[in-house]
Amino acid sequence: MVEMELIPALEIGWLNGWILLVILYLIFGILLLTFPKDVRARLYEYDRSRWSKKQRIFYVMGRASVLVCLVLIIFTPLKIGFIVFIPGIILFVLGLAGFITALLNFKNTPPDQPVTRGLYRISRHPQILSLFIASLGICIAIGSWLVLLILIISSLFLHFRDIAEEKACLEQYGESYSAYMKRVPRYLLIKTHMKEEGENVKKY
């Protein structure tokens, strides 16, 4: 039996990857409804006016790649009964748990302080990292190399959004966020720190 396929066989079905997407976004939506309005605004209504042209272009390309990825997941059957389904579901659950935890860490941080507690102690972008892990699990659970490749490409494009957000946090929180960047990796393992102009990043 074939485990992972390059191009999935698309079909409309009840046991497709959309089930996992519904679980993910339903939990996310329920959580958002419990958040105060100012927390929801802080979560997504950040200033994009100072983004560079490259950041804007890559952000749009990343969002477009995500849309393609979502459509393929919706119409691709889950590999139930195949070995890949088990590690896929495990990664999905781990990513979902991390995403929920990171959101609660964000909610419980005062608005005048950078978020540095909980999962933010090991990653500056635990929400993004957790969503990637959950999405990676879905790609494996449906057994598609193509969807996995598109997921990676979209993550590379959206990486520039993360850099722009860090620059905004530096401008808002100053030295406290700069010190935080020196302590905690952007994603995992590799530490990076922005120079003062906010565009260039160096590893140390």
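These are legends for a handful of close-up views of a predicted model.

**View 1. The whole chain, before we zoom in.** The protein chain carries seven helices and two strands. Reading from the N terminus, the order is α-α-α-α-α-α-α-β-β. Of the 204 residues in the protein chain, 41% are buried. The accessible surface adds up to about 11400 Å², and carbon and sulfur atoms own 69% of it. If you take the contacts between residues at least 6 apart in sequence, 73% of them join residues at least 24 apart.

**View 2. A phenylalanine cluster joining helix 3 and helix 6.** There are five aromatic pairs in the count. One of them is Phe-58 with Phe-157, a tilted pair with 5.5 Å from centre to centre and 40° between the planes. Phe-58 sits in helix 3 and Phe-157 in helix 6 (residues 145–173), so this pair ties together parts of the chain that are 99 residues apart in sequence. Phe-58 also pairs with Phe-160, again tilted, at 4.6 Å centre to centre and 55° between the planes. Here too helix 3 meets helix 6, so the pair of Phe-58 and Phe-160 ties together parts 102 residues apart in sequence. Put the ring pairs together and Phe-58, Phe-157 and Phe-160 make a cluster.

**View 3. Buried or partly exposed: how do Phe-58 and Phe-157 come out?** Phe-58 has 21% relative accessibility and counts as partly exposed. Phe-157 has a relative accessible area of 19% and is buried. The labels make sense once you know the cut-off, because buried means under 20% relative accessible area.

**View 4. Lys-79, with a ring and a carboxylate for company.** Lys-79 lies over the face of Phe-82, at 4.7 Å from the ring centre. The side chain of Lys-79 also meets that of Glu-5 in a salt bridge, 3.4 Å from N to O. Lys-79 belongs to the loop between helix 3 and helix 4, while Glu-5 belongs to the segment before helix 1 (18–34), so the pair ties together parts that are 74 residues apart in sequence. At 9% relative accessibility, Lys-79 counts as buried. Its partner Glu-5, at 25% relative accessibility, counts as partly exposed.

**View 5. One glutamate, two arginines.** Side chains of opposite charge can pair when their charged atoms come close. A search of the whole structure turns up four salt bridges, and Glu-166 takes part in the one with Arg-124, where the closest N and O atoms are 3.0 Å apart. That pair links distant parts of the chain: Glu-166 is in helix 6 and Arg-124 in the loop between helix 4 and helix 5 (126–141), 42 residues apart. Glu-166 forms another salt bridge with Arg-186, with the closest N and O atoms 2.8 Å apart. Arg-186 is in the loop between helix 7 (175–183) and strand 1 (192–194), so its pairing with Glu-166 of helix 6 ties together parts that are 20 residues apart in sequence. The upshot is a salt-bridge network that links Arg-124, Glu-166 and Arg-186. As for cover, Glu-166 and Arg-124 are buried, and Arg-186 is buried as well.

**View 6. Phe-99 and what it touches.** Which residues does Phe-99 touch, leaving aside those up to four places away in sequence? They are Leu-24, Phe-28, Gln-127, Ser-130 and Leu-131. Phe-99 has its place in helix 4 (residues 85–107). With a relative accessible area of 3%, Phe-99 is buried. Look for Ala-134 too: it is 35 residues from Phe-99 in sequence and 8.6 Å away in space, C-alpha to C-alpha.

**View 7. A nonpolar patch on the surface.** Leu-10, Ile-12, Leu-67, Val-71, Ile-74 and Phe-75 form this patch, and together they have about 570 Å² of accessible area. Ile-74, one of the patch residues, lies in helix 3 (residues 53–74). Ile-74 is partly exposed, at a relative accessible area of 33%. That value lets Ile-74 into the patch, because patch residues need over 30% relative accessible area.

Methods:
Residues numbered from 1 in each chain as written. Predicted model: local features only at pLDDT ≥ 70, side-chain atom pairs only at ≥ 80, totals over all residues. Heavy atoms only, no water. Patch = residues over 30% accessible without salt bridge, like charges linked within 9 Å, V, L, I, M, F, W, Y side chains within 5 Å. Areas by Shrake-Rupley, 256 points an atom, 1.4 Å probe, with all protein chains shown as cover. Helix = DSSP H or I, 4+ residues; strand = E, 2+ residues; numbered from the N terminus. Buried < 20%, exposed > 50% of the residue type's maximum accessible area, 1.4 Å probe, protein only. Contact = heavy atoms within 4.5 Å. Phe/Tyr/Trp six-rings, centres within 6.5 Å; stacked < 30°, edge-to-face > 60°. Lys NZ or Arg CZ within 6 Å of the ring centre and 35° of its normal.
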